[in-house]
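Colleague: I am new to reading protein models, and I would like to learn how to go from the picture to careful statements. Could we go through one feature at a time?

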Amino acid sequence: MENQFSRTELIYGKSAMEKLHNARVAVFGIGGVGGFTAEALVRSGVGSIDLIDNDTVCESNLNRQIIALHTTIGKYKVDVAEERFKDINPDINIVKHARFFIPDNSSEFEFEKYDYIVDAIDTVTGKIELVMKANEFGVPIISSMGAGNKKHPELFEISDIYKTSVCPLARVMRQELRKRGIKKLKVVYSKEMPAIPSTNNKNPDGVFKKAIPGSCAFVPSVVGLIMAGEIVNDLTSL
């Protein structure tokens, strides 16, 4: 009997679909990368998803974030995502965390109940803490490296963190994780050199400010979908 997951089942089989239905995946960060990852997981039949993000949708999100519409500007991303995902699969179980993940609040999350962790956040301290928690509880994790200021989605690949090169974020993560004794980490990254943002990077007083990374519609979306594909394949092969 045909259902919304029939086409997926033709590829993966019934037992794999049962694994996806019984899986709980935590998506940390549901912006440009994480939003596409989360939606692909919902459309693939994952039964339970935790959404962790404290941002609201803003106008600058419209160029790349799947949950960003003029009608959703100003709303919390976790609320927008929940409504959208429930419309895709009314039976999905969603747990919302309207907060940013930082080391200080890591004890508030049920890592022992997760079957997979998606790291789609921007801060190095948060990313490292996620990896440490995943390692502590034996939960598979996949981490997005730098997607900002990139133009070529075809250059992104899945690798171990210690086999990466060029990417500045991956370099920092390698250094910090090596100090902490982490032996491996699955990541999605690119060897493409980041573009230099074209806007003036000075405050009115002439002092340089922190650059806001540029982004486009087709890079973070591809990174998110690569991550989702890897998660589905891992969950169905366990």
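Colleague: How many residues line the largest pocket, and which of them lie nearest its centre?

Modeller: Please keep in mind from the start that this is a predicted model. The general idea behind a pocket search is that rolling a probe the size of a water molecule over the atoms shows where empty space is left. In this structure, the largest pocket is lined by 47 residues, and those nearest its centre are Ile121, Asp122, Thr123, Gly148 and Pro213. Helix H3 (32–44), helix H5 (124–137) and helix H6 (168–179) are the elements that give two or more residues to this lining. The volume of the largest pocket comes to about 1400 Å³.

Colleague: What classes of residue make up the lining of the largest pocket?

Modeller: The lining of the largest pocket has 22 nonpolar residues, together with 15 polar and ten charged ones.

Colleague: Which residues lie nearest the centre of the second largest pocket, and which element gives the most to its lining?

Modeller: The second largest pocket has a volume of about 370 Å³, and of the 16 residues that line it, Val139, Pro140, Ile141, Lys184 and Leu185 lie nearest the centre. Helix H5 gives the most to this lining, with three residues. By class, the lining of the second largest pocket divides into eight nonpolar, three polar and five charged residues.

Colleague: Turning to the whole chain, how many helices and strands does the protein chain have?

Modeller: The secondary structure comes to seven helices and seven strands, and, read from the N terminus on, the elements run α-α-β-α-β-α-β-β-α-β-β-α-β-α.

Colleague: Why can the radius of gyration of the protein chain be said to agree with that of a compact globule?

Modeller: The idea is to compare the chain with a value expected from its number of residues, and because a compact globule with 238 residues would have a radius of gyration near 18 Å, the 18 Å of this protein chain agrees. Along the principal axes, the C-alpha atoms fill a box of roughly 65 × 45 × 35 Å. Of the contacts between residues at least 6 apart in sequence, 69% join residues at least 24 apart.

Colleague: Is Val78 buried or exposed, and what does Val78 touch?

Modeller: A residue counts as buried under 20% relative accessible area, and Val78 is at 1% relative accessibility, so Val78 is buried. Val78 sits in helix H4 (residues 77–88), and, not counting residues up to four places away in sequence, Val78 touches Ile30, Leu51, Ile52, Asp53, Lys96, His97 and Ala98.

Colleague: Where do Asn89 and Ala23 lie, and are these residues buried or exposed?

Modeller: Asn89 lies in the loop between H4 and strand E3 (93–97), and since its relative accessible area is 7%, Asn89 is buried. Beyond its neighbours within four places in sequence, Asn89 is in contact with Gln4, Phe5 and Val42. Ala23 is found in the loop between helix H2 (14–22) and strand E1 (24–28), and Ala23 also counts as buried, at 4% relative accessibility. Leaving out residues up to four places away in sequence, Ala23 touches Val46, Gly47, Ser48, Asp115 and Leu235.

Colleague: What percentage of the residues of the protein chain count as buried?

Modeller: Of the 238 residues of the protein chain, 49% count as buried. The chain exposes about 12300 Å², of which carbon and sulfur atoms supply 52%.

Definitions and conventions:
Residues are numbered from 1 along each chain as its sequence is written. This is a predicted model: local features need pLDDT of at least 70, side-chain atom pairs count only at pLDDT 80 or more; totals for chains, interfaces and linings use all residues. Side-chain values use heavy atoms; hydrogens and water are left out. On a 1 Å grid over the protein atoms alone, a cavity is a set of points where a 1.4 Å probe fits but cannot get out, and a pocket is an open set with protein on both sides within 12 Å along at least five of seven lines; lining residues have an atom within 4 Å of a point. Grid points are joined across faces, edges and corners, and a volume is the space filled by probe spheres set on the points. Helices (H or I, at least four residues) and strands (E, at least two) are DSSP runs, numbered from the N terminus. Ala, Val, Leu, Ile, Met, Phe, Trp, Tyr, Cys and Pro count as nonpolar, Asp, Glu, Lys and Arg as charged, and the others, Gly among them, as polar. Buried means under 20% relative accessible area, exposed over 50%, partly exposed in between (1.4 Å probe, protein chains only). Contact means heavy atoms within 4.5 Å. The radius of gyration is taken over C-alpha atoms; the globule rule is 2.2 Å times the number of residues to the power 0.38. Accessible areas come from the Shrake-Rupley method with a 1.4 Å probe; for residues, only the protein chains shown count as cover.
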